[in-house]
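Visitor: I would like to learn how to read a structure like this one. Please take me through it feature by feature.

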Amino acid sequence: MEWIRQKLDKIKEPFAPGKKYEKYAPAVNAIDTFLFTPNHTTQKGAHIRDAVDLKRTMITVVLALIPALIFGMWNAGHQHFTQLGGDFTFWDAFAHGALKIVPMIVVSYAVGLGIEFAFAIFRGHEVNEGYLVTGLLIPMIMPVDFPLWMLALSVVFAVLVGKEAFGGTGMNILNPALTARAFAFFAYPTYMSGNQVWVSEASTVDAISGETILGSLAAGENASYSMMDMFYGFIPGSVAETSTLFILLGALLLILTKVGSWRIILSAFIGAAVMGLIFNALPSMGVAGNELTNFPWYGHLIIGGLAFGIVFMATDPVSAAQTMKGKWIYGFLIGFLSVMIRVFNPAYPEGVMLGILLMNVFAPTIDHYVIQSNIKRRKKRIESAKTQVKTAV
Amino acid sequence: MSKGIRIKRGLSLRLEGEAEKELVKAPRSKTYAIKPPDFHALVPKMVLKEGAKVLAGDELFFSKYTDELRFTSPVSGVLKQIKRGEKRKIMEVIIEADPEDTYKDFGKMDAASSDAEAVKQRILESGCGAFINQRPYDIVADPKDTPKAIFISAVSTAPLAPDWGFILKDRLAAFQEGINALKKLTPGKVHLGVDASSAQYLKDIEGVELHNVKGPHPAGNVGVQIHEIDPINQGDRVWTVKPEDVSIIGNVFLTGNYIADRTVAVTGSEAANRKYFSTKIGAEVSALIQKVDEDVRIISGNVLTGLKIAYNQHISFFSNEVTLIPEGNKYRAFGWLPFTYNNIHSNSKTSLSWLFPNRKFKPTTNLNGEERALVVTGEMEEVLPMDIYPMQLIKACMAGDIEKMENLGIYEVAPEDFALVEYVNTSKIEIQDVIRLGLDLMITEVG
């Protein structure tokens with residue numbers, strides 16, 4: 001390591017302040033700090049600091065995503081080969097998925113980090129680590145056959161309009177990964193919806209149906225998968241959102257490390273369950289309902305992108321509510337609205353993307369009211385103090 | 001009468017290098033210094049010139065805008081040097097000490113039976129006004145104000161903090177007299193916070209409202225106790241005094257002399273002789289610690305709020321503690337990997353340090369990362385046991401939005417209350433500095 005350190009110091013020489021390439025220092029620093037936690041010491045305030053930093057936090061989220069990603073790679077192949085019929089091994093399935101998904105990840109990181117580096121140099125600040133997570137999330141929530149150039153465009157839109165336009169990491173209102181998906185969804189609907197895209201090569205091979213469970217339910221058909229299949233994730237869908245089991249594994253890591261807010265995750269699942277229960281109760285109130293409303297409430301929790309969205313995107317601290325109480329409300333409404341959109345919007349069977357984006361927009365409003373109650377409490381205290389003084393006089 | 005305060009949120013850091021409970025008389029240091037920057041926002045005006053002879057208790061300088069506020073010499077000797085910084089700002093007033101102190105005689109006075117104005121005058125002329133701090137803003141108190149109440153916290157929860165019970169155990173008479181004097185300054189109460197588990201003798205002090213405080217740091221911070229007991233509203237003034245300073249005030253009344261005794265605990269993993277030293281205010285740090293090189297940071301105060309000083313410099317006015325910890329100017333390969341380097345404490349669970357609750361940590365001054373935008377939420381609330389939204393207040397301070405700062409409770413906080421928030425912050429923002437700048441803005445805009 002010592003040898004690498006010396007090499008790095010040598011490489012960094014022309015980037016030092018006052019030297020020729022000073023402007024490009026953030027780019028080299030980003031690579032340096034990826035290898036070594038810098039030797040910076042505290043200058044003001046507290047002399048000692050917590051071991052955690054943003055890099056560590058973001059890498060923890062990436063780690064939490066890995067189980068779902070690996071399962072997603074395998075499932076892409078599994079869905080493809082199962083529908084084709086015939087024998088295939090685990091590695092056949094995994095390789096099939098990996099060959100499609102790894103290039104998506106490479107494109108996403110290359111394009112997104114390219115923009116991040118450019119902005120860091122342009123604005124003269126260090127490269128923020130947020131994109132490490134966003135860049136992995138984006139391919140994970142796209143259909144497996146999504147063309148790479150469209151993916152690149154979605155990334156450009158998400159980073160430029162979703163994030164940098166608002167001032168960069170920490171300032172964005174919408175979750176960047178979902179912004180990318182929403183862009184792709186509205187710009188290229190034929191690649192992002194319908195019954196042709198959710199299984200690898202469904203659009204080119206006739207024997208493969210690319211329909212999701214939500215799609216069939218919306219079309220008024222019964223789902224042909226068992227609840228256990230849905231929970232384990234042996235179902236069609238976006239790259240890595242199918243397996244509730246592996247998503248929960250990631251959720252466990254996020255909650256144990258306190259990187260993800262358990263309040264948001266729990267309240268969002270509760271919200272979804274409540275909405276599902278309301279719909280399930282319709283027949284008892286004399287309303288017939290349809291396949292979607294009668295789909296059991298617990299089924300709503302394990303199909304589609306709900307679990308993935310709640311665990312990995314609703315918990316994005318920048319776009320979520322920031323107060324404790326706000327997080328409960330924010331999470332609950334995400335779950336509640338997601339299931340509502342699923343049921344009421346026939347054009348778009350999955351509601352979690354729009355549910356989260358909508359609540360992203362309202363999160364500052366929720367926080368505003370939570371904080372207002374704190375401010376009111378303080379003002380009331382002043383009032384009561386004043387009256388006390390008056391009576392004392 | 002005693003009341004209980006129970007603080008739930010917070011973080012008590014367990015660090016290596018606690019001071020042994022043994023009081024040693026420190027060798028007399030050659031020079032002593034009063035440093036005007038220790039009193040935030042003070043503009044000093046010198047009374048004496050270099051070369052003047054002083055007694056302990058002789059006035060050195062006063063506050064330009066509040067001339068009753070005097071600062072006196074802790075020892076007798078010769079005013080050796082007035083050290084100035086940029087724009088001729090006075091940084092240090094250095095006194096070369098006599099081998100033995102001779103005191104200026106203010107005359108004895110019984111605080112309890114004396115007139116309030118006379119008590120105030122005695123406190124001011126002896127230079128004890130310097131010990132009285134004002135909230136809001138965390139600055140030296142203006143003698144023209146009448147505070148709503150006076151708060152004293154004898155609870156030490158900060159990492160490696162000295163034990164007030166141990167420091168005060170032989171000075172209870174002076175402490176009691178100091179309380180009697182302070183009682184004259186306010187129409188309200190004098191509140192004394194004591195550790196719920198501490199020795200009885202502090203609980204026998206009369207004339208105070210006693211509060212038994214329990215809980216992790218920052219429960220010992222006077223600001224947190226004020227917030228629990230009687231929160232500061234807009235327009236309020238409350239005063240705070242540190243426990244040892246109360247006994248110095250008391251001594252002025254008991255003996256007629258300004259005896260600036262300062263007990264300093266030498267702590268930290270790098271300190272060789274970890275004991276309590278009895279010395280005078282503003283002593284040279286070299287009189288208490290072994291010679292150290294640049295790999296060791298000398299902190300006048302504790303690791304969260306102290307001031308970095310050099311080996312040849314003087315201890316700060318209010319410091320009851322000198323902490324020595326290793327400098328952390330080393331690179332760490334892949335330091336960002338979660339669950340690695342578990343020897344570094346983390347309040348987040350991305351390090352396995354929480355698996356060893358009884359382990360004492362040996363922290364360095366490494367920043368453990370770089371400054372980033374504020375991203376992570378919820379971590380600050382865990383260590384700030386006040387009904388305040390820390391992140392929102394910090395952002396209001398950064399933006400300089402006065403109305404918002406006021407609404408979110410800027411009057412109730414001091415930088416030290418945000419020390420732990422700064423410690424746990426993932427984005428490594430200098431939060432105490434942000435709060436200080438916010439308070440400074442309030443001073444100029446609201447006053």
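Guide: Start with a crossing. α4(A) passes α6(A) in a right-handed crossing. Keep in mind that this is a predicted model.

Visitor: At what angle do helix α4 and helix α6 of chain A pack, and how far apart are their axes?

Guide: Two packed helices are described by the angle between their axes and by the distance between the axes. Here helix α4 (residues 90-123) of chain A meets helix α6 (residues 148-163) of chain A at about 35°. Their axes lie 9 Å apart.

Visitor: Which residues of α4(A) and α6(A) meet?

Guide: From α4(A), take P103(A), M104(A), V107(A), S108(A), V111(A), G112(A), I115(A) and E116(A). They meet L148(A), L151(A), A152(A), V155(A), V156(A), V159(A) and L160(A) in α6(A). By class, the residues of this contact divide into 12 nonpolar, 2 polar and 1 charged.

Visitor: Now chain B. Which domains does the assignment give?

Guide: The domain assignment of chain B gives domain 1 (2-255) and domain 2 (370-445). Taken over C-alpha atoms, the centres of domain 1 and domain 2 of chain B are separated by 26 Å. In the contact, 19 residues of domain 1 of chain B face 17 residues of domain 2 of chain B.

Visitor: Which helix gives the most to the side of domain 1 of chain B that touches domain 2 of chain B?

Guide: Helix α4 (residues 222-229) of chain B gives the most, with 3 residues. By class, that side of domain 1 of chain B has 9 nonpolar, 6 polar and 4 charged residues.

Visitor: How is the sheet with β4, β6 and β7 of chain B ordered?

Guide: Read strand order and pairing together. This open sheet of 3 strands has the order β4-β6-β7 (chain B), and the pairing is antiparallel. β4 (44-46) and β7 (70-72) of chain B are the edge strands, each pairing on one side only. On average, neighbouring strands of this sheet are turned by 30° against each other, direction ignored.

Visitor: How many bridges pair β4(B) with β6(B)?

Guide: Strand β6 (residues 59-63) of chain B and β4(B) pair over 3 bridges, in the antiparallel sense. For one register point, take K45(B), which stands opposite F62(B) in β6(B).

Visitor: On to the interface. How many residues does the contact take from chain B and from chain A?

Guide: The size of an interface is often given as the accessible area lost when the parts come together. For this contact, use residue counts: 63 from chain B and 51 from chain A. Several elements of chain B each supply at least two residues to the side that touches chain A, among them β18 (296-300), α7 (402-408) and α9 (431-445). The largest share, 4 residues, comes from α8(B). By class, the side of chain B that touches chain A has 26 nonpolar, 24 polar and 13 charged residues.

Visitor: Which strand of chain A is joined to β21(B)?

Guide: Strand β1 (residues 36-37) of chain A is joined to β21(B) by 2 bridges, running antiparallel. T37(A) stands opposite R332(B) in β21(B).

Visitor: One last residue. Why does L367(B) count as buried?

Guide: Count neighbours. L367(B) counts as buried because it has 20 C-beta neighbours inside 10 Å, and the cut-off is 20 or more. L367(B) lies in the loop between β21 (332-333) and α6 (390-399) of chain B.

Visitor: Which residues does L367(B) touch, not counting residues up to four places away in sequence?

Guide: With that exclusion, L367(B) touches H40(A), T41(A), T42(A), R49(A) and K428(B).

Note on methods. Residues numbered from 1 in each chain as written. Chains lettered and ligands numbered in written order. Predicted model: local features only at pLDDT ≥ 70, side-chain atom pairs only at ≥ 80, totals over all residues. Axes fitted to C-alpha atoms, helices over the stretch in contact; angles between N-to-C directions. Left-handed = near helix turned anticlockwise from the far one by under 90°. Contact = placed C-beta atoms within 7 Å. Nonpolar A, V, L, I, M, F, W, Y, C, P; charged D, E, K, R; others polar. Domains from an automatic or database assignment. Buried ≥ 20, exposed ≤ 12 C-beta atoms within 10 Å, placed from the backbone. Pairing = 2+ DSSP bridges.
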